[in-house]
Amino acid sequence: MLGKPTSSATAPEAILIGGSAGAIEVVSLVLGALPADFRTPVVVLVHLPKQRPSALAGALSGKCRLALREPLDKEPLAPATVYLAPPDYHLLIDEGPSFALSVDEPVNFSRPSIDVLFQSAASVLGPRCAGVLVSGANPDGARGLCAIQQAGGLVAIQDPDDAAQGAMPEAAIALCPDAHVLATTEICQWVQQLGAWQTSPRRGST
Amino acid sequence: MLSGEFDIELPLLLEAIHLKYSYDFRRYALSSLKRRLEQAMEHFNCRSLSALQERVLREPEVMRGMLAHLTVQVSEMFRDAGFYRALREKVVPYLRTYPSLKVWIPGCATGEEVYSLAILLREEGLLDRTLIYATDINPEALHKAEAGIYELDRIADFSKAYAEAGGRASLSDYYTAGYNAAVFDKSLREGVLFSDHSLATDSVFAEVQLITCRNVLIYFDRVLQDRAVALFRDSLCRKGFLGLGAKESLTFSSYAAEFAEFVREERIYQRR
(Lines give C-alpha, C1' and ligand atoms only; values in the text may rest on other atoms or scores of the structure.)
Protein backbone atom coordinates (compact mmCIF):
# COMPACT_ATOMS: atom_id res chain seq x y z
CA MET A 1 0.00 0.00 0.00
CA LEU A 2 2.81 2.45 0.73
CA GLY A 3 3.82 1.66 -2.83
CA LYS A 4 6.72 3.14 -4.77
CA PRO A 5 8.81 4.37 -1.81
CA THR A 6 11.96 5.94 -3.16
CA SER A 7 15.16 4.37 -1.97
CA SER A 8 15.80 7.30 0.36
CA ALA A 9 12.34 7.33 1.96
CA THR A 10 12.35 6.52 5.63
CA ALA A 11 9.86 6.40 8.49
CA PRO A 12 8.49 9.96 8.66
CA GLU A 13 9.06 12.21 11.68
CA ALA A 14 6.06 14.25 10.63
CA ILE A 15 3.03 13.75 8.41
CA LEU A 16 1.74 16.94 6.80
CA ILE A 17 -1.80 17.30 5.47
CA GLY A 18 -2.88 20.31 3.40
CA GLY A 19 -6.21 21.27 1.92
CA SER A 20 -8.67 24.05 1.26
CA ALA A 21 -12.36 24.08 0.25
CA GLY A 22 -13.95 20.73 1.11
CA ALA A 23 -10.92 19.57 3.08
CA ILE A 24 -12.34 19.57 6.61
CA GLU A 25 -14.51 16.52 5.90
CA VAL A 26 -11.57 14.48 4.56
CA VAL A 27 -9.26 15.62 7.34
CA SER A 28 -11.91 14.66 9.94
CA LEU A 29 -12.09 11.16 8.47
CA VAL A 30 -8.30 10.74 8.34
CA LEU A 31 -7.76 12.00 11.90
CA GLY A 32 -10.78 10.12 13.22
CA ALA A 33 -9.35 6.85 11.92
CA LEU A 34 -6.04 7.26 13.76
CA PRO A 35 -5.58 4.98 16.78
CA ALA A 36 -4.89 6.48 20.22
CA ASP A 37 -1.32 5.07 20.13
CA PHE A 38 -0.45 6.81 16.85
CA ARG A 39 2.96 8.34 17.60
CA THR A 40 3.99 10.30 14.49
CA PRO A 41 3.19 14.03 14.79
CA VAL A 42 0.57 15.15 12.26
CA VAL A 43 0.44 18.74 11.00
CA VAL A 44 -2.81 19.92 9.41
CA LEU A 45 -3.15 23.09 7.35
CA VAL A 46 -6.57 23.99 5.95
CA HIS A 47 -7.29 27.42 4.43
CA LEU A 48 -9.92 29.12 6.56
CA PRO A 49 -11.11 32.65 7.20
CA LYS A 50 -8.92 34.37 9.80
CA GLN A 51 -10.52 34.19 13.19
CA ARG A 52 -9.55 33.11 16.66
CA PRO A 53 -10.08 30.48 17.88
CA SER A 54 -9.93 28.82 14.48
CA ALA A 55 -12.94 27.06 13.03
CA LEU A 56 -10.74 24.03 12.35
CA ALA A 57 -10.20 23.20 16.02
CA GLY A 58 -13.95 23.36 16.57
CA ALA A 59 -14.72 21.16 13.58
CA LEU A 60 -12.18 18.51 14.58
CA SER A 61 -12.57 18.41 18.34
CA GLY A 62 -14.22 15.23 19.54
CA LYS A 63 -13.40 13.47 16.25
CA CYS A 64 -9.81 12.57 17.04
CA ARG A 65 -8.31 10.43 19.81
CA LEU A 66 -5.02 12.34 19.80
CA ALA A 67 -4.08 15.65 21.42
CA LEU A 68 -5.11 18.51 19.13
CA ARG A 69 -3.60 22.00 19.29
CA GLU A 70 -2.26 25.05 17.49
CA PRO A 71 1.54 25.18 17.88
CA LEU A 72 3.39 28.11 19.40
CA ASP A 73 6.48 29.59 17.78
CA LYS A 74 9.58 27.40 18.51
CA GLU A 75 7.45 24.56 19.93
CA PRO A 76 9.14 21.20 19.28
CA LEU A 77 7.09 18.58 17.41
CA ALA A 78 5.90 16.05 19.99
CA PRO A 79 4.67 12.50 19.40
CA ALA A 80 0.98 11.55 19.48
CA THR A 81 -0.09 15.11 18.69
CA VAL A 82 -2.07 16.68 15.85
CA TYR A 83 -1.06 20.29 15.18
CA LEU A 84 -3.41 22.70 13.46
CA ALA A 85 -1.99 25.66 11.54
CA PRO A 86 -3.20 28.86 13.27
CA PRO A 87 -5.10 31.35 11.10
CA ASP A 88 -3.33 34.41 9.64
CA TYR A 89 0.23 33.10 10.13
CA HIS A 90 2.46 31.04 7.87
CA LEU A 91 3.44 27.82 9.64
CA LEU A 92 6.92 26.44 8.94
CA ILE A 93 9.05 23.54 10.12
CA ASP A 94 12.46 24.62 11.41
CA GLU A 95 15.49 22.80 12.79
CA GLY A 96 14.75 20.51 15.72
CA PRO A 97 12.28 19.79 14.25
CA SER A 98 10.27 22.59 15.78
CA PHE A 99 7.61 24.99 14.53
CA ALA A 100 8.26 28.49 13.28
CA LEU A 101 5.68 31.12 12.38
CA SER A 102 5.76 34.17 10.16
CA VAL A 103 3.47 37.01 9.14
CA ASP A 104 5.17 37.43 5.78
CA GLU A 105 3.04 38.22 2.73
CA PRO A 106 0.43 35.64 1.70
CA VAL A 107 1.62 33.04 -0.83
CA ASN A 108 -0.90 31.91 -3.46
CA PHE A 109 -3.24 34.47 -1.81
CA SER A 110 -3.07 32.30 1.31
CA ARG A 111 -1.72 32.74 4.82
CA PRO A 112 -1.14 30.11 6.01
CA SER A 113 0.11 28.69 2.72
CA ILE A 114 0.53 24.95 2.16
CA ASP A 115 3.52 25.56 -0.14
CA VAL A 116 5.32 27.42 2.66
CA LEU A 117 4.72 24.61 5.17
CA PHE A 118 5.59 21.77 2.77
CA GLN A 119 8.70 23.48 1.36
CA SER A 120 10.06 24.21 4.84
CA ALA A 121 9.44 20.59 5.89
CA ALA A 122 11.18 19.31 2.76
CA SER A 123 14.14 21.56 3.49
CA VAL A 124 14.52 20.53 7.15
CA LEU A 125 13.31 16.91 7.18
CA GLY A 126 14.00 15.80 3.61
CA PRO A 127 13.01 12.13 3.27
CA ARG A 128 11.87 12.06 6.92
CA CYS A 129 8.51 13.70 6.19
CA ALA A 130 5.41 12.72 4.24
CA GLY A 131 2.87 15.01 2.60
CA VAL A 132 -0.79 14.63 1.68
CA LEU A 133 -2.78 17.13 -0.36
CA VAL A 134 -6.57 16.90 -0.41
CA SER A 135 -9.61 18.80 -1.65
CA GLY A 136 -9.27 22.48 -2.58
CA ALA A 137 -10.20 25.06 -5.19
CA ASN A 138 -6.79 26.69 -5.70
CA PRO A 139 -3.29 25.46 -6.61
CA ASP A 140 -1.57 26.13 -3.26
CA GLY A 141 0.38 23.08 -2.07
CA ALA A 142 1.36 21.62 -5.44
CA ARG A 143 4.86 23.07 -5.44
CA GLY A 144 5.35 22.16 -1.80
CA LEU A 145 4.27 18.57 -2.37
CA CYS A 146 6.69 18.40 -5.26
CA ALA A 147 9.47 19.70 -2.97
CA ILE A 148 8.77 16.94 -0.43
CA GLN A 149 8.90 14.33 -3.17
CA GLN A 150 12.14 15.72 -4.61
CA ALA A 151 13.64 15.65 -1.09
CA GLY A 152 12.84 11.93 -0.95
CA GLY A 153 9.69 12.03 1.19
CA LEU A 154 6.52 10.12 0.42
CA VAL A 155 3.57 12.03 -1.02
CA ALA A 156 -0.09 11.31 -1.72
CA ILE A 157 -2.85 13.28 -3.42
CA GLN A 158 -6.58 12.86 -3.00
CA ASP A 159 -8.19 11.55 -6.19
CA PRO A 160 -9.78 14.66 -7.78
CA ASP A 161 -12.88 12.58 -8.66
CA ASP A 162 -13.22 11.72 -4.97
CA ALA A 163 -12.59 15.29 -3.74
CA ALA A 164 -15.28 17.91 -3.09
CA GLN A 165 -13.06 20.38 -5.00
CA GLY A 166 -10.67 18.92 -7.56
CA ALA A 167 -8.54 21.93 -8.51
CA MET A 168 -5.94 21.58 -5.76
CA PRO A 169 -5.36 17.82 -6.30
CA GLU A 170 -5.29 18.31 -10.07
CA ALA A 171 -2.64 21.04 -9.82
CA ALA A 172 -0.55 18.72 -7.64
CA ILE A 173 -0.93 15.73 -9.99
CA ALA A 174 0.19 17.90 -12.91
CA LEU A 175 3.33 18.90 -11.00
CA CYS A 176 4.17 15.56 -9.33
CA PRO A 177 2.94 12.83 -11.68
CA ASP A 178 4.62 10.07 -9.63
CA ALA A 179 2.64 10.77 -6.45
CA HIS A 180 0.07 8.24 -5.21
CA VAL A 181 -3.44 9.28 -6.12
CA LEU A 182 -5.74 7.86 -3.48
CA ALA A 183 -9.42 7.82 -2.54
CA THR A 184 -10.36 9.12 0.92
CA THR A 185 -10.50 5.66 2.52
CA GLU A 186 -7.10 4.83 1.04
CA ILE A 187 -5.64 8.07 2.44
CA CYS A 188 -6.83 6.98 5.91
CA GLN A 189 -5.02 3.63 5.52
CA TRP A 190 -1.93 5.24 3.99
CA VAL A 191 -1.47 7.64 6.90
CA GLN A 192 -1.96 4.82 9.43
CA GLN A 193 0.65 2.71 7.67
CA LEU A 194 3.14 5.59 7.79
CA GLY A 195 2.69 5.69 11.56
CA ALA A 196 3.00 1.90 11.92
CA TRP A 197 6.23 2.03 9.89
CA GLN A 198 7.66 4.31 12.57
CA THR A 199 6.60 2.25 15.59
CA SER A 200 7.36 -1.34 14.55
CA PRO A 201 11.20 -1.19 14.29
CA ARG A 202 11.38 0.82 17.51
CA ARG A 203 9.50 -1.86 19.41
CA GLY A 204 12.07 -4.38 18.25
CA SER A 205 15.02 -2.28 19.30
CA THR A 206 13.91 -1.29 22.80
CA MET B 1 13.53 24.34 -3.23
CA LEU B 2 17.20 25.18 -3.30
CA SER B 3 19.64 23.27 -1.19
CA GLY B 4 23.29 22.21 -1.02
CA GLU B 5 25.21 25.27 -2.22
CA PHE B 6 22.45 27.56 -0.93
CA ASP B 7 22.93 26.26 2.61
CA ILE B 8 26.68 26.88 2.35
CA GLU B 9 26.31 30.35 0.89
CA LEU B 10 23.68 31.51 3.38
CA PRO B 11 25.90 31.94 6.48
CA LEU B 12 28.61 33.48 4.29
CA LEU B 13 26.20 36.13 3.03
CA LEU B 14 25.00 36.93 6.55
CA GLU B 15 28.60 37.22 7.74
CA ALA B 16 29.40 39.56 4.84
CA ILE B 17 26.40 41.77 5.60
CA HIS B 18 27.43 41.91 9.24
CA LEU B 19 31.06 42.79 8.49
CA LYS B 20 30.23 45.42 5.92
CA TYR B 21 27.05 47.02 7.27
CA SER B 22 26.82 45.88 10.93
CA TYR B 23 23.32 44.48 10.41
CA ASP B 24 23.26 41.14 12.22
CA PHE B 25 20.90 38.56 10.72
CA ARG B 26 23.06 35.60 11.77
CA ARG B 27 20.60 34.53 14.46
CA TYR B 28 17.41 34.89 12.48
CA ALA B 29 15.13 31.84 12.23
CA LEU B 30 16.36 29.89 9.21
CA SER B 31 13.05 28.76 7.77
CA SER B 32 11.69 32.26 7.13
CA LEU B 33 15.13 33.67 6.30
CA LYS B 34 15.61 31.12 3.51
CA ARG B 35 12.30 32.09 1.91
CA ARG B 36 13.16 35.78 2.12
CA LEU B 37 16.59 35.25 0.60
CA GLU B 38 15.10 33.25 -2.27
CA GLN B 39 12.76 36.17 -2.92
CA ALA B 40 15.68 38.61 -2.77
CA MET B 41 17.63 36.50 -5.29
CA GLU B 42 14.67 36.63 -7.62
CA HIS B 43 14.14 40.37 -7.08
CA PHE B 44 17.78 41.22 -7.79
CA ASN B 45 17.93 38.70 -10.59
CA CYS B 46 20.80 36.76 -9.02
CA ARG B 47 21.25 33.06 -9.75
CA SER B 48 22.95 32.30 -6.45
CA LEU B 49 23.45 33.77 -2.99
CA SER B 50 27.12 34.24 -3.91
CA ALA B 51 26.07 36.46 -6.80
CA LEU B 52 23.76 38.35 -4.46
CA GLN B 53 26.60 38.70 -1.95
CA GLU B 54 28.83 40.23 -4.62
CA ARG B 55 26.20 42.90 -5.28
CA VAL B 56 25.37 43.49 -1.61
CA LEU B 57 29.04 44.09 -0.79
CA ARG B 58 29.71 46.47 -3.66
CA GLU B 59 26.38 48.27 -4.13
CA PRO B 60 25.03 49.92 -0.97
CA GLU B 61 21.66 50.53 -2.65
CA VAL B 62 21.28 46.76 -3.06
CA MET B 63 21.78 46.44 0.72
CA ARG B 64 19.00 48.99 1.24
CA GLY B 65 16.74 46.84 -0.93
CA MET B 66 17.84 43.73 0.95
CA LEU B 67 16.72 45.33 4.22
CA ALA B 68 13.19 45.50 2.87
CA HIS B 69 13.34 41.79 2.01
CA LEU B 70 14.88 40.82 5.33
CA THR B 71 12.90 42.96 7.74
CA VAL B 72 9.64 44.58 6.76
CA GLN B 73 6.51 42.80 7.77
CA VAL B 74 3.33 44.49 6.67
CA SER B 75 1.37 44.78 9.88
CA GLU B 76 -2.22 45.70 10.61
CA MET B 77 -3.72 48.15 13.07
CA PHE B 78 -5.34 46.50 16.09
CA ARG B 79 -4.28 43.01 14.96
CA ASP B 80 -5.88 40.58 17.49
CA ALA B 81 -8.77 42.51 19.04
CA GLY B 82 -8.53 40.48 22.27
CA PHE B 83 -5.00 41.73 22.90
CA TYR B 84 -6.04 45.38 22.73
CA ARG B 85 -9.15 44.73 24.86
CA ALA B 86 -6.96 43.10 27.51
CA LEU B 87 -4.54 46.05 27.40
CA ARG B 88 -7.42 48.46 27.87
CA GLU B 89 -9.24 46.54 30.58
CA LYS B 90 -6.44 44.89 32.53
CA VAL B 91 -3.17 46.76 31.93
CA VAL B 92 -4.34 50.39 31.66
CA PRO B 93 -5.61 50.48 35.29
CA TYR B 94 -2.01 49.78 36.38
CA LEU B 95 -0.55 52.29 33.92
CA ARG B 96 -2.82 55.01 35.35
CA THR B 97 -0.96 54.80 38.66
CA TYR B 98 2.25 56.21 37.11
CA PRO B 99 2.64 60.01 36.91
CA SER B 100 4.47 59.62 33.61
CA LEU B 101 4.74 56.65 31.29
CA LYS B 102 7.32 55.24 28.94
CA VAL B 103 6.42 52.62 26.32
CA TRP B 104 8.73 50.78 23.94
CA ILE B 105 7.62 49.23 20.65
CA PRO B 106 10.66 47.36 19.28
CA GLY B 107 10.49 46.23 15.64
CA CYS B 108 7.73 48.78 14.94
CA ALA B 109 8.20 48.43 11.13
CA THR B 110 5.80 50.78 9.33
CA GLY B 111 4.07 51.87 12.54
CA GLU B 112 0.59 50.31 12.48
CA GLU B 113 1.02 49.13 16.07
CA VAL B 114 2.37 52.52 17.17
CA TYR B 115 -0.79 54.32 16.03
CA SER B 116 -3.01 51.57 17.47
CA LEU B 117 -1.41 52.00 20.87
CA ALA B 118 -1.35 55.81 20.68
CA ILE B 119 -5.10 55.83 19.92
CA LEU B 120 -5.81 53.46 22.81
CA LEU B 121 -3.75 55.60 25.21
CA ARG B 122 -5.45 58.80 23.96
CA GLU B 123 -8.88 57.28 24.61
CA GLU B 124 -7.79 56.26 28.10
CA GLY B 125 -6.50 59.78 28.81
CA LEU B 126 -2.87 58.65 29.09
CA LEU B 127 -1.25 59.74 25.85
CA ASP B 128 -0.37 63.26 27.09
CA ARG B 129 1.88 61.85 29.78
CA THR B 130 3.37 59.04 27.68
CA LEU B 131 6.62 58.85 25.77
CA ILE B 132 6.62 56.05 23.17
CA TYR B 133 9.90 54.75 21.77
CA ALA B 134 9.18 53.22 18.36
CA THR B 135 12.30 51.45 17.13
CA ASP B 136 13.35 49.42 14.11
CA ILE B 137 16.52 48.65 12.16
CA ASN B 138 15.03 49.63 8.80
CA PRO B 139 15.27 53.42 8.17
CA GLU B 140 12.73 53.30 5.32
CA ALA B 141 10.18 51.57 7.54
CA LEU B 142 10.81 54.14 10.27
CA HIS B 143 10.18 56.98 7.80
CA LYS B 144 6.87 55.41 6.83
CA ALA B 145 5.98 54.92 10.48
CA GLU B 146 6.73 58.56 11.22
CA ALA B 147 4.66 59.73 8.25
CA GLY B 148 1.64 57.71 9.43
CA ILE B 149 0.16 57.43 5.94
CA TYR B 150 -1.60 54.21 4.96
CA GLU B 151 -3.35 53.13 1.77
CA LEU B 152 -7.05 53.83 1.92
CA ASP B 153 -7.96 50.30 0.88
CA ARG B 154 -6.48 48.98 4.13
CA ILE B 155 -8.53 51.31 6.31
CA ALA B 156 -11.78 49.32 6.19
CA ASP B 157 -10.02 46.36 7.84
CA PHE B 158 -8.33 48.68 10.35
CA SER B 159 -11.70 50.27 11.26
CA LYS B 160 -13.30 46.89 11.79
CA ALA B 161 -10.40 45.74 13.98
CA TYR B 162 -10.52 49.03 15.93
CA ALA B 163 -14.23 48.51 16.72
CA GLU B 164 -13.67 44.87 17.73
CA ALA B 165 -10.77 45.96 19.93
CA GLY B 166 -13.10 48.12 22.01
CA GLY B 167 -12.46 51.48 20.30
CA ARG B 168 -14.49 54.27 21.91
CA ALA B 169 -15.04 56.41 18.81
CA SER B 170 -14.71 55.96 15.06
CA LEU B 171 -11.27 55.33 13.58
CA SER B 172 -12.02 58.12 11.08
CA ASP B 173 -11.76 60.59 13.97
CA TYR B 174 -8.01 59.95 13.91
CA TYR B 175 -7.15 60.36 10.23
CA THR B 176 -7.80 62.57 7.23
CA ALA B 177 -8.63 60.74 4.03
CA GLY B 178 -6.83 61.94 0.91
CA TYR B 179 -7.13 60.66 -2.67
CA ASN B 180 -6.06 57.15 -1.89
CA ALA B 181 -4.43 57.42 1.51
CA ALA B 182 -5.33 58.01 5.13
CA VAL B 183 -3.07 60.43 6.99
CA PHE B 184 -3.10 59.88 10.73
CA ASP B 185 -3.41 62.88 13.04
CA LYS B 186 0.07 64.14 13.87
CA SER B 187 -0.94 64.87 17.46
CA LEU B 188 -0.93 61.06 17.93
CA ARG B 189 2.83 61.01 17.41
CA GLU B 190 3.81 64.13 19.34
CA GLY B 191 5.02 61.89 22.14
CA VAL B 192 6.54 59.26 19.87
CA LEU B 193 10.28 59.00 19.32
CA PHE B 194 11.08 57.04 16.14
CA SER B 195 14.58 55.68 16.38
CA ASP B 196 17.07 53.16 15.03
CA HIS B 197 17.60 50.26 17.44
CA SER B 198 18.56 46.63 16.88
CA LEU B 199 17.47 43.86 19.23
CA ALA B 200 20.42 41.87 17.86
CA THR B 201 23.23 44.36 18.54
CA ASP B 202 22.06 47.30 20.68
CA SER B 203 21.48 47.54 24.42
CA VAL B 204 19.02 48.97 26.95
CA PHE B 205 18.35 52.71 26.57
CA ALA B 206 15.50 53.54 28.96
CA GLU B 207 13.35 52.23 31.76
CA VAL B 208 9.81 51.63 30.55
CA GLN B 209 6.48 50.46 32.01
CA LEU B 210 5.18 48.69 28.88
CA ILE B 211 6.79 46.91 25.92
CA THR B 212 4.72 45.57 23.05
CA CYS B 213 6.74 43.45 20.64
CA ARG B 214 4.30 41.44 18.58
CA ASN B 215 5.29 39.00 15.85
CA VAL B 216 8.90 40.18 15.85
CA LEU B 217 10.50 37.42 17.95
CA ILE B 218 9.10 34.78 15.57
CA TYR B 219 11.80 35.83 13.09
CA PHE B 220 14.61 35.14 15.60
CA ASP B 221 16.18 31.85 16.62
CA ARG B 222 16.18 30.76 20.27
CA VAL B 223 19.53 32.44 21.04
CA LEU B 224 18.50 35.81 19.62
CA GLN B 225 15.07 35.51 21.24
CA ASP B 226 16.83 35.12 24.57
CA ARG B 227 18.96 38.20 23.90
CA ALA B 228 15.85 40.24 23.10
CA VAL B 229 13.90 38.98 26.12
CA ALA B 230 16.88 39.84 28.37
CA LEU B 231 16.76 43.39 26.96
CA PHE B 232 13.04 43.53 27.72
CA ARG B 233 13.66 42.33 31.26
CA ASP B 234 16.37 44.92 31.83
CA SER B 235 14.27 47.72 30.31
CA LEU B 236 11.06 47.03 32.19
CA CYS B 237 10.49 48.50 35.62
CA ARG B 238 9.47 46.06 38.32
CA LYS B 239 5.87 44.94 37.60
CA GLY B 240 6.17 46.37 34.06
CA PHE B 241 4.28 44.71 31.20
CA LEU B 242 5.38 42.82 28.09
CA GLY B 243 2.91 42.07 25.27
CA LEU B 244 3.83 39.43 22.67
CA GLY B 245 2.09 38.10 19.55
CA ALA B 246 -0.75 35.57 19.76
CA LYS B 247 1.51 32.59 19.00
CA GLU B 248 4.61 33.81 20.81
CA SER B 249 5.41 32.64 24.31
CA LEU B 250 8.11 32.88 26.93
CA THR B 251 7.65 29.13 27.58
CA PHE B 252 10.78 28.28 25.58
CA SER B 253 12.82 31.24 26.85
CA SER B 254 15.70 31.07 29.35
CA TYR B 255 14.11 34.03 31.16
CA ALA B 256 10.60 32.58 31.56
CA ALA B 257 10.96 32.52 35.37
CA GLU B 258 11.51 36.29 35.48
CA PHE B 259 8.06 37.05 34.11
CA ALA B 260 4.59 36.13 35.35
CA GLU B 261 1.70 35.42 32.98
CA PHE B 262 -0.60 38.41 33.43
CA VAL B 263 -3.21 37.70 30.74
CA ARG B 264 -2.26 34.24 29.60
CA GLU B 265 -4.46 33.87 26.52
CA GLU B 266 -3.35 37.26 25.14
CA ARG B 267 0.37 36.72 25.87
CA ILE B 268 0.67 39.64 28.25
CA TYR B 269 3.43 39.10 30.81
CA GLN B 270 4.45 41.04 33.91
CA ARG B 271 8.04 41.50 35.02
CA ARG B 272 8.53 39.98 38.46
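# Exercises on a predicted two-chain model

Let's begin with a cavity: the second largest one is lined by Asp73(A), Lys74(A), Leu217(B), Gln225(B), Val229(B), Leu244(B), Glu248(B), Ser249(B), Leu250(B), Phe252(B) and Ser253(B). Keep in mind that this is a predicted model.

## Exercise 1: Cavities

Work out how many cavities of 30 Å³ or more there are, and describe the largest and the second largest.

**Solution.**

Step 1. Start with the count: four cavities reach 30 Å³ or more.

Step 2. Stay with the second largest for a moment. Its volume is about 80 Å³. Sort its lining by class and you get five nonpolar, three polar and three charged residues. Asp73(A) and Lys74(A) come from chain A, and Leu217(B) is one of those from chain B.

Step 3. Now turn to the largest cavity, with a volume of about 190 Å³. It has 15 lining residues, and those nearest its centre are Ser75(B), Glu76(B), Glu113(B), Arg214(B) and Asn215(B). By class, this lining splits into six nonpolar, four polar and five charged residues.

## Exercise 2: The seven-stranded sheet of chain B

Find the strand order of the open sheet of seven strands in chain B, then say why strand 6 and strand 9 each have one side without a neighbour.

**Solution.**

Step 1. Read across the sheet: the order is 6-2-1-7-8-10-9, and the pairing is mixed.

Step 2. Look at the two ends of that order. Strand 6 (192-196) and strand 9 (259-263) of chain B are at the edges and have a single partner strand each, so one side of each lacks a neighbour in the sheet.

Step 3. Check the twist. On average, neighbouring strands here are turned by 20° against each other, direction ignored.

Step 4. Zoom in on one edge. Strand 9 of chain B pairs with strand 10 (residues 268-271) of chain B over four bridges, in the antiparallel sense. If you want a residue to click on, try Phe259(B), which stands opposite Arg271(B) in strand 10 of chain B.

Step 5. Add the helices. Helix 7 (residues 139-147) of chain B lies across strand 2 (130-136) and strand 6 of chain B, at about 170° to strand 6 of chain B. Helix 9 (residues 222-235) of chain B lies across strand 1 (101-106), strand 7 (208-213), strand 8 (236-244), strand 9 and strand 10 of chain B, and runs at about 140° to strand 8 of chain B.

## Exercise 3: The three-stranded sheet of chain B

Chain B also has an open sheet of three strands; find its order, its edges and the helix that packs on it.

**Solution.**

Step 1. The order is 3-5-4, with antiparallel pairing.

Step 2. Strand 3 (149-151) and strand 4 (175-177) of chain B are the edge strands, each pairing on one side only. From one strand to the next, the twist averages 25°.

Step 3. Helix 8 (residues 152-164) of chain B packs on this sheet and touches strand 3, strand 4 and strand 5 of chain B. The helix direction makes about 95° with that of strand 3 of chain B.

Step 4. For the pairing in detail, strand 4 of chain B and strand 5 (residues 181-184) of chain B share three bridges in the antiparallel sense. Here Thr176(B) stands opposite Val183(B) in strand 5 of chain B.

## Exercise 4: A glycine in chain A

Is Gly131(A) buried or exposed, and which residues does Gly131(A) touch?

**Solution.**

Step 1. Place the residue: Gly131(A) is in strand 7 (residues 129-133) of chain A. Chain A has six helices and nine strands.

Step 2. Compare its accessibility with the cut-off. Buried means under 20% relative accessible area. Gly131(A) has 0% relative accessibility, so it counts as buried. Across the 206 residues of chain A, 58% are buried.

Step 3. List the contacts. Leaving aside residues up to four places away in sequence, Gly131(A) touches Leu16(A), Leu145(A), Ile148(A), Leu154(A), Val155(A), Ala156(A) and Trp190(A).

## Exercise 5: Unusual backbone spots

Which peptide bonds are cis at Pro97(A) and Pro112(A), and what is phi near for Asp88(A) and Phe78(B)?

**Solution.**

Step 1. The bond from Gly96(A) to Pro97(A) is cis, with omega near -5°. Pro97(A) sits in the loop between strand 5 (90-94) and strand 6 (98-102) of chain A.

Step 2. The bond from Arg111(A) to Pro112(A) is cis too, with omega near 10°. Pro112(A) is in the loop between strand 6 and helix 3 (114-125) of chain A.

Step 3. Asp88(A) has phi near 70°, and its relative accessible area of 12% makes it buried.

Step 4. Phe78(B) has phi near 50°. Phe78(B) is in the loop between helix 4 (60-71) and helix 5 (81-95) of chain B and is buried at 2% relative accessible area.

Conventions:
Residues are numbered from 1 along each chain as its sequence is written. Chains are lettered from A and ligands numbered from 1 in the order in which they are written. This is a predicted model: local features need pLDDT of at least 70, side-chain atom pairs count only at pLDDT 80 or more; totals for chains, interfaces and linings use all residues. Side-chain values use heavy atoms; hydrogens and water are left out. Two strands pair if DSSP finds at least two bridges between them. Helices (H or I, at least four residues) and strands (E, at least two) are DSSP runs, numbered from the N terminus. Axes are lines fitted to C-alpha atoms, for helices over the stretch in contact, and angles run from 0 to 180 degrees between N-to-C directions. Contact means heavy atoms within 4.5 Å. Buried means under 20% relative accessible area, exposed over 50%, partly exposed in between (1.4 Å probe, protein chains only). On a 1 Å grid over the protein atoms alone, a cavity is a set of points where a 1.4 Å probe fits but cannot get out, and a pocket is an open set with protein on both sides within 12 Å along at least five of seven lines; lining residues have an atom within 4 Å of a point. Grid points are joined across faces, edges and corners, and a volume is the space filled by probe spheres set on the points. Ala, Val, Leu, Ile, Met, Phe, Trp, Tyr, Cys and Pro count as nonpolar, Asp, Glu, Lys and Arg as charged, and the others, Gly among them, as polar.
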